[in-house]
Each structure stands twice: as structure tokens, then as C-alpha cells.
Amino acid sequence: MGLGAMALGSLMGCGSKTSSVIADQARDLSRPLLVRAPHFAPKAKQVIFLHMAGAPSQLELFDFKPELQKYDGQDCPDSFLEGKRFAFIEGVPKLLGPQTPFKQYGESGAWVSNLFPHFQDVVDDVAFLKAIHTDEFNHAPAQLFLHTGGPRHGRPSMGAWLTYGLGSENQNLPGYVVLVSGQSAPSAGKSVWGSGFLPSVYQGVQLRSQGDPVLYISDPPGISRDVRQNAISTLSALNQLEHAEMGDPEILSRISQYEMAFRMQMTVPEAMDINEEPQWVHEMYGTEPGQTSFANNCLLARRLVERGVRFIQLFHRGWDSHGSNEFEALEGGFLRRCQEVDQPMTALIKDLKNKGLLDETLVVWGGEFGRTPMRENRGGKVAPFNGRDHHSEAFTMWMAGGGTRPGITYGETDELGYYGVKDKIHVHDLQATILHQMGMNHEQLTYQFQGRPFRLTDVAGEVITNILT
Amino acid sequence: MNFRLTIASLVLVVFTSAFFLWPKKEVTFNADIRPIINNECIACHGGVKKSGGFSLLYRDEALSELESGRPGIIPGDAEGSPLIQRVLHTDPEERMPLDHPPLLKKDIEKLSRWIDDGAEWETHWAYIRPDATLSPPATRSSWVRNGIDAFVYKRLKKEGLSPAEEARKELLIRRVSLDLIGLPPTPEEVQNFVQDTSPDAYERVVDRLLASPHYGERWTAMWLDLARYGNSQGYQKDPYRNIWAYRDWVIDAFNADMPFDQFTIEQIAGDLLPEPSKEQLLATAFHRNTMSNDEGGTDDEEFRVAAVMDRVSTTFEIWQGTTMACVQCHTHPYDPYRHEEYYELFAFFNNTKDEDKGHEKPVLRAYRAVQKPVVEEQLKGFDELCSTDFTESYSSLEGAWDGLWDLMDRPLSPCVRDLDSEEAQKQKTALRKLAPPRTPILQDFPPDSSRVTRIFERGNWLVHGDTVLADVPAILPALPNDYPRNRLGLAQWLVHTENPLTARVIVNRFWEQIFGIGLVETLEDFGSQGEAPSHPALLDWLANQYQHEFQWSTKLLLKHIVMSATYRQQSAVSEALIERDPANRLLARGPRFRLSAEQIRDQALAVSGLLSTKMHGPSVMPPQPEGTWQVIRGVLKWETPQNEDRYRRAIYTFWRRSSPYPSMITFDAPSREFCVSRRIRTNTPLQALVGLNDIVYLEAAKGLAMRMQSEAGATLSEQLAHGFSLAMAYSPDEAQLENLTTFYTETLAHYRQNPEAVKELVSNPDLQTPEMAALINSANVLMNMDAFLNKS
């Protein structure tokens, strides 16, 4: 294309910058996505975060509790209810045993239920974290807490922090990409990939499977690429004249901005086009081109990782299994969600591994909280279907690749799966660990706002070194 | 604690004797000491942590006995003060700051001298009232037009710089139009100004702009970020909030040049004024812009408290440039605000009746003037059916317009009540849809049933501490005895002459809108961690002028700013000056920066001839890409109108916090969940995509192309030049025109060979020519030029 190579250099040319001070806000915000050096050598270059929005039941997937089966149908002990706040449970609910059989798999002997028949194959690549806990028990605040470190709107999301801290490797694609599938968007809205008080340039860019993959990326009908290319060249020439007269270096940034946009118009659709993948890949993931599905998004995540996108956030919504209707039932919608994610997330791990990308890509899977060992009794009544309420005390997440120890299970819950009893991990610890794998010290990645330095992990968080290689 | 005194003292003696040989330079706390303390010490010895029992926030604390049994500072005795001994210590385990590089020699010298001089604390500059006797420095420069220039000129001389030439007239009128009304000048306005050689030509332009109704719209755009105005309630469901009438109140207040003290009092406490008018009640919707949460399992009290906290933070950020959020949980780490003082402020706001309920009560139900013609039109239908004149009979009633709604609730005329024909039912339904807005407002419980305010330990609303009464922080002037201890008293105190912050903070906000950077860069933080002012005396003098000379008239303030020679300078810059002063802090040139999200939209619509100048009313839904709007249980639909509401100014755009209008977010507009003082201007490819491809900008390009074709002569260069000057306010030079001509010619050739593409681009069959297609693309280029997107 030969467009403005010099100006492009001015925009991207600082990849060799080795300053260790990342938190300075004096950076040139006209060039906000320059690659910046991490605090220390990172284990992971990219993150794929698979968020199961709505919160899947750990008790039907990974946290096997035979004791809970014994107490199925009995009143929940008072000690679990005193002083607790639940979203819907009232009075004394009954315990609900696991609704599906479990087995141990792999050399590691990890427990997985029969709802994830594919995932059983990759347990030896995965680190299971069984005693995650959070501060929030409603969807929106808990999703915000998981992704932004605080329960209210207004804080930057993890991907925004990382893009702010590290810049973007690929200047022709957004550095932080969001892919959404399932019932609808996550409860907390776009704030879960927002930039909060950071400049808006650091927010996640939602790539969509229908309509324009990036907002406004398609040329309007009747305007061809040739005409557009000529328009961009003309704009560059006119802006050069403006620069000669006005001397403002911002004008050079404007030239690069338009040339980059033009290139992005090519690279985004190309990255989003899964048609070019071979048939066996489609079979492995269970993808169907043209659909909006978790499977398609998993394959897209791998394509984006290959292209240097730093943070890829998948949301798959519809896991809220209260038992109040068929969609929200452990014997209904929940089973379909399991089917939707099992094969593609397994394929993603295998595919990354085959391509040698798993070592440098941290994959994280989980909901915003877990589900109660008790059956939900909304309004004091027996629900028409089997379901569990929101549970913040203990739930399971897993990580794979990016310097995590494969084939381990870390953390334990009590015999009923209510509390974490060993190696508990708070959401802030999880966040500190993810930043750490990306070469960022969570206490140093800060931004001055409302008179004080803010960070993702608020005033808490410890890196969980035991799960790292 | 072992201080290893011998070695330390020895070092100190050698060291101090060395610098006593130098001439003694005065050390002042604010200039020399506070920066050292804030950068090196306060994180461990401040409002949050007091390691070893030592804090440097207040003098009495710093001089009191520590855990070691001795004070950290002994005034008059640097050598004997543990602070100096510890910063000089040779053992890294003992040396302060711990685990950090030692202090610079010169900083230790300063600290020693300051302690020897008595270790006096100074109040931070922003808490000291501006000197009332301050006047602009005398100067003989003919460049100086008013007081602003005298201050700026003095500084430029000191820096060895000179001011720039005045901007050319075309650019000046574009600049001042965009600044004062947010819209570009029309070609006639440009031409008149260029031809008008009378000495007051510019002043008359300024006066015309200040009198324009669009003035209020432009400044409302600034205020809405501060007021965190949105058309939704926030949080998960983010349902509709009926609060557009507040936005209209702000527009009207700016247009009427409501004095800023009144503007303040009515918004914070209009309901507590004696016999408040409907407008004064409406003004209090300002603090009902807080979010509310209706999600299952949420505790209303938790989110009521969150809203009250937001009111404290927002009030202090907007008027005092003070960040109070830290003080929720603990004493301010750097600034002299104690934990309990936060809750004393909280108490002012803790008595309102709103309780995070879905119904949003209390509300004000009242028609707005903007609705009158539509409602009257509907009423006419009944006139005929009942052979009476409803408009007439209702407008003769007391409070006619607010009473009008009663027509439907309790019909005065039995005729209307009894009408049951299909036609009448239809009309009744239509009229019902025109219900008066129910705007959330503030209302206090009576004093005898006030809420009790308790300190929340570490900011946790469930852990209560001592009871506190409403009061203002001790570092600021006391609340006068005759002021009520409620929101009204607080509002009056904010705009009291003695308040050192309000006028400075507000003047600085307006300055930033005009010059792109504040005299204090951190608009939101005038505390000791904020940036120091670039021109302290100018800031103080302007603050004095605003309060006293201008009597809080914002129009007079803005007029003074734009009439200055400083403002009128041209904005071209040499490489040397860019190097010397990249952010234009010294003001040796005029302002040049990218327009705001609102200005970019409004300007594009204006130059294309599409802009609707309709003011006020419910928010509108201009086109946005499909699939960006989240439909939650069908509560809110995005329905793009086909009438002029499609082309309204940006401030009328429906603003849903969880899904704000995407193209404006791309240009750095905030989501409006919280008060935002300063938009950080960014530069991303996504912005280019908006200007190139968003249907709004494509429609604008088509509009501009049609103007180029219909308003200019027949020749290509006339048409291109006309488009250029519509967009940029000045005519293109030869090189610019040549580039545009080449582009047009090549594009024309392309469309001649691709007639299908012409049809795809141009929907109107009468206009489907290759020439029109090429003109649209040319207009699109013009509207993406840097010169168009910037104020220059």
C-alpha cells in the first residue's frame, strides 16, 4: 500500500522503549497504544478469559461432593445461613445433591462430571482452582468485581488495565477484544469491558459476528476500497499541507490515525473470517461460519491470539440456574450451556497447544460466583425445576497455559461445598495473578483518579505463586 | 529505637557546616517542603499510614511524641530532629525513606533549614483566599488588551517569549463561534466579519454569540459531564429515567446568564429556598442524577447511601476541586480532611426522601413550555367535540399548565369524561401520552424527623461509628452562624466570598474549555497532589473578577476571556516553541485542539445544512449501528426518528449509561455514571472510522455535497472551494484545491465506470449522477480533515 510509512513509524516506533515506569500519566495520549515494557519478564503474552456469565454450578461440573448427596433433601444447617445475604433463598432451604455423576480423569486424576465429555481429555493441561471466593452475590456487581476489581460501575476492566500498561502489539487490530455469545450481553453491560476512568481508548472493542465486526468498519455502500484509498491519500496530503502551515505535531498523529483505520478495515474482517479455516478445525471446535456462537468465538480467539491481540474476553451468557423455569434449570438450560461450551473450549486448549501457543497464552475459565449447595426456594416455595442460588463463598475456576502449573487441583471446599477450607483464592488474588503472568505488578499498575492512585486489585490481592510454574 | 546517633550526627555536622557557607535562601513550606513530603514521605507518614506513629499531615501531629518517645521534628533543631537523622542515616535499614533511594542532598538541606527556621506549616495555596487587592501588572505593551493579557505578557517576557500575531479573521470567527455556541459560523457571518473593518467588529460578533440561544446548549454540554446526567438509572437493568427537563433547566439557566451563585444554590438546594418555584425544584434534579439499583436482592439502603456519597463527592469535585472519595474510608492521605469530616458533609445530604426506589419519588410533575404547542394541538380535538375552547379555559386557570393534566385525571368538563366514541378515545390516549414529565427532585424530611448520620467505619455502610452533625471541613472557612445547617446553608457557603476555592475552580473549568488545558491542569484536584497553577496570579485575579466585578456572570467572564489578545492569537507553532512549550502552558500562541464529541457532531450537521435548531424536550435517538443497543426486557427501545429529531444537537441524544451513544464515546465522552471534570483527549483509528463511515457523517457528507452543487457556481473549482469554506470558514489555497480536484476527477472517473456504485451511494434517483457521487466523496474528505476536526 505504501501509505505514509514515515508517519506510521511515528505512531508505532517506540516498541524498543524499555522504561520500567509504567504508571506515569505523562505519557503521550495522542499515541496511547504504543507498546510499553512490562514491569518484569512475562510468562504469558496474551490472555483469553472465558467468562461463563450467569455463573455455572461448580457442584455439577468440577467440585464433586458425595457427602452432599447423602444430605440431599435435608434442611440446610443453620451455620450456613446465619448472617448471610442471598439473592433469593429465604428461610431454611433444603440441600441439593449433585445432579450428575463424576469421574476422575487423566494422570492428574481431576474430577469432572459427565456433562463435559470433551473437557475430560485436557484435564492434564489445566489447573483447577476450587476455592475461589468473591465479595458479591448479584450478577452485575459480581461481574464488575471479577473484571474491574470493584462492584460498582466506573472502574477500568482488566483488559483495559493491561492495554493501558502494555499497549497493543498489533496496531492494525484493537489490543483488547470482546466476543459475546449466548442469551444476551452480560448483566453488568459494557462496563465489564469498559475503561472506567482510564481514557476510553483502552476499553474493549467488541467484535461482532453479525453486522460490522467493529462498529463503522465497513465502507458505506457505493464507496469502494479504491476510492477510499484515494480519499485517505488525499487526506494525508491535505493534512501534510496543514502541518506545514500550523506546525502542530498532532496533525501527524491524525495522518497516522486515518492510515491505521484504513488498514484496520482490511485486517479486522480478515481476522474474523473463519471460512478460511480447514474443515477439520471446524469439526474440532464445532463451528459454523456465520453464526454467533461460543464455538465460533473460541476459534476467533485463537485467530486473534495468532495476530497479537493482547486480551481476548469471551462472554457466554445463560448460566443462571435458579430452577424457576426450564431455561434456568439444572436439568434444562444448564445442560445446553454445558454442551455449547464443552467441545469448543476443549478444542481451544488443544489447538493452542498444537500450535505451540499455549505456553504464552493464559486461558482463564469461570463464572462471577458459584451456586449454593442448597436448592433454591424463592418465595419460600419449592421451585418447579432443580436450581441453586448465587453463592459467593466458594466456586471453581480453571486456568491453562501462560505459565500456570498443568494438571493440578488447588484449593478445597468443605464436605458440602459451601466454604473454601484450604488454599482459598479471592478474586483480587486471581486478578493479581493474571497481571503477574503478563509481567505486571498489580500494586504498581496504577492510575491517579479522585486524588489517589487506583489499581485493579484495590488495596488487596496476592499472586498465587503455588499455581505457577 | 536505635538511631545510631553518633554517625548520623557526625555526618550532619560536616554537612550543615558546609552549606552554612552559602548565602541563605529562604525555604517556604508550600514551595519547597510540601513537594518533598508528598513525594517521599506521605505514603507511610500521612493520613492513611502513620508508621512509627509519625505523620506529616498536620503540624501538631508531626511535633507530637512518637512510639519512640520522642517527637520526629524539633523546631529550631534540625540536627536534633529524628527526621533529619533518619534521612541521613548510613544504615539502609534505618534510613528514610525506607526501601527507596535516599533523599537528594538539596532536599535534605531544605528540610534542615526549614526545621531550623521553626518548622512552620503553611496552608496549601488553594485554601487561602485570593488576594482581593490583586490587579494586573502594569505594562506598556500595545499587545495587551485586558487584564488577562497583562498577566500572560509578564510571564512571556520572563520566559523570553513573545505573543503570536492575531489569528486571521476567518479562523478567529470560527474559533470563537465553536467556543461560545459550539457551532461553526455561517458563510454570511464569516463574510460580514471579514468585511467589517470597524474597531468593534469582533466585539459585536462576541456579543451576538453570547446572546444566541445556542450558547446555552454549548455550555450545557460541559455541565452535563459534571452533573453526570443520563437518561437511565444505571446499574444492571439501567431502565429509563425521566430527567430531560433538568437538561433544559441548565440550558435556560446558561442562556439567561443566571449568576453562578444562584445557579449553584438552586441546583444543590432549590427545594429549601423559601416558597420555591417549579423551576427551582426542577434544578435539584441535579443531584437526582445519581444511579439507583433495582436488582433482586439489592438493599435499597446500600444504594441510597451510595447515592448520598456520590452527592458529597460530586459537590466537592465540581465546586471545590477536592477529591473526597478517599475520605469515605479514612483521613485524606495528603490533604487536610479528616475521616469524620466526610460524614459531616454526608449529613448535609443524608436527609432527602429518595430511597433508591424504582418509582424515583419524590418527583416534580409539571409540563414544560416545549410541550405546550403539541398539547394544545391535541386539545383542539376536544374543542370541537365539546364545542368549547379548552386551551382558552385552561390558560385562564391558576397554574394552567400544571393543572392541565388534571383534564385527564379529573375532567372539569363532564363532556370530555363522557366522550366514548372511538375518535375521542384515540384522542384521549394521544393526550395521555403527552403526560407531563415526572422529574426526580430533592426533598428533605422535616427537621424533626431527620436521619441521624453516623460515621461508617472504613467506609463500610454496615459498620456504624459515632454520630456526627452537618458541618464543613475545618480547613475551610466555618459555616456562618446565620446559615441553616442543611443543603441550603452548604450551597450558600460554597458561593460565599470567603470560600477560597469555588470561584477559582469554576473559572478554571471555563478556561479549560476555551484553551484546552486549565490554568490548573487538574481541574478536579486543587489539593496538594493536584498540579500547581501555571499563572497563579491570573487565576486569582480572574476568580476575584468573576465574583465581584462580574457578579458571577458567566457571560461576562467568557467575554473577558475571548476578548483578550491572548485568546485571539493565531495557533501556528514553530518547532522551537513546540519543544519549549508543547502543551501551550505559557500561551505564546492561540489554542488549537480537537473538538469535543458534541462539537464534532454538531459541526458536521451544521455545515451540511442538516442540523435541526429545535431546542429542549425529551431526548432523541439519532441513528446508531444495529446491535449496539441492549434491549433488556423490552424496557427501552432505540427508535430512530425520520423527522428533524434525527439531526438534533448532540446534547439532546438519549444517554443510556450502560449503552451510551457509540460514536460519542469514541470521541472520549464519558458514560456519565459519575462526575467527570476532564475528558482526556485521545486519538484512535476508531475515531477515523466514525468520520469516514458512520451513517450520520455519511448523511452529512451528502448534505454538504448538495450545498456544494446548489449554492456554488457551475465550475468544479467553485464547488470544491465552496465546500471547503463551508467546512473550514476560509477559502482553500491553490495546493489544497489541487489535491481536492485531483481526487474529485479520479473519483468521477471511477463512478462513470461504475454506475451501480452511484446508485448504491446516492439514494435519491434525481441525484444519481457520477458527479454527485464524486462530490459526496469529496465532502467526506473535507469533513475528515484535521483542520475540520480541530479548533484552530
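Two residues are in contact if their C-beta atoms, placed from the backbone, lie within 7 Å. The exercises below concern a predicted model.

**Exercise 1.** Determine how helix α16 (residues 372-386) of chain B is oriented relative to helix α21 (residues 422-433) of chain B, and which residues meet.

*Solution.* Begin with the axes, which come within 9 Å and cross at roughly 150°. Angles over 145 degrees count as roughly antiparallel, so α16(B) is roughly antiparallel to α21(B). The crossing of the two helices is left-handed. Next, identify the residues: α16(B) contributes Gln378(B), Gly381(B), Phe382(B) and Leu385(B), which meet Ala424(B), Gln427(B), Ala430(B) and Leu431(B) of α21(B). Sorted by class, this contact has 5 nonpolar, 3 polar and no charged residues.

**Exercise 2.** Establish whether strand β8 (residues 361-366) of chain A is enclosed or not, and which strands pair with it.

*Solution.* First, consider burial: 6 of the 6 residues of β8(A) are buried, so the strand is largely enclosed by the rest of the structure. Thr361(A), Val363(A) and Trp365(A) point one way, while Leu362(A), Val364(A) and Gly366(A) point the other way. Then consider pairing. Strand β1 (residues 46-53) of chain A runs parallel to β8(A), with 6 bridges; here Phe49(A) is partnered by Val364(A). Strand β11 (residues 395-400) of chain A is antiparallel to β8(A), with 3 bridges, and Met399(A) is the partner of Val364(A) in β11(A).

**Exercise 3.** Describe the side of chain B that touches chain A.

*Solution.* Start with the counts: 68 residues of chain B are in contact with 63 residues of chain A. Elements of chain B giving two or more residues to this side include α33 (734-753) and α35 (770-782). By class, the side of chain B has 27 nonpolar, 28 polar and 13 charged residues.

Note on methods:
Residues are numbered from 1 along each chain as its sequence is written. Chains are lettered from A and ligands numbered from 1 in the order in which they are written. This is a predicted model: local features need pLDDT of at least 70, side-chain atom pairs count only at pLDDT 80 or more; totals for chains, interfaces and linings use all residues. Axes are lines fitted to C-alpha atoms, for helices over the stretch in contact, and angles run from 0 to 180 degrees between N-to-C directions. Helices (H or I, at least four residues) and strands (E, at least two) are DSSP runs, numbered from the N terminus. Angles under 35 degrees count as roughly parallel, over 145 as roughly antiparallel, 65 to 115 as roughly perpendicular and the rest as oblique. A crossing is left-handed if the near helix is turned anticlockwise from the far one by less than a right angle, and right-handed if clockwise. Ala, Val, Leu, Ile, Met, Phe, Trp, Tyr, Cys and Pro count as nonpolar, Asp, Glu, Lys and Arg as charged, and the others, Gly among them, as polar. A residue is buried if 20 or more other C-beta atoms lie within 10 Å of its own, exposed if 12 or fewer, and partly exposed in between; C-beta atoms are placed from the backbone. Two strands pair if DSSP finds at least two bridges between them.
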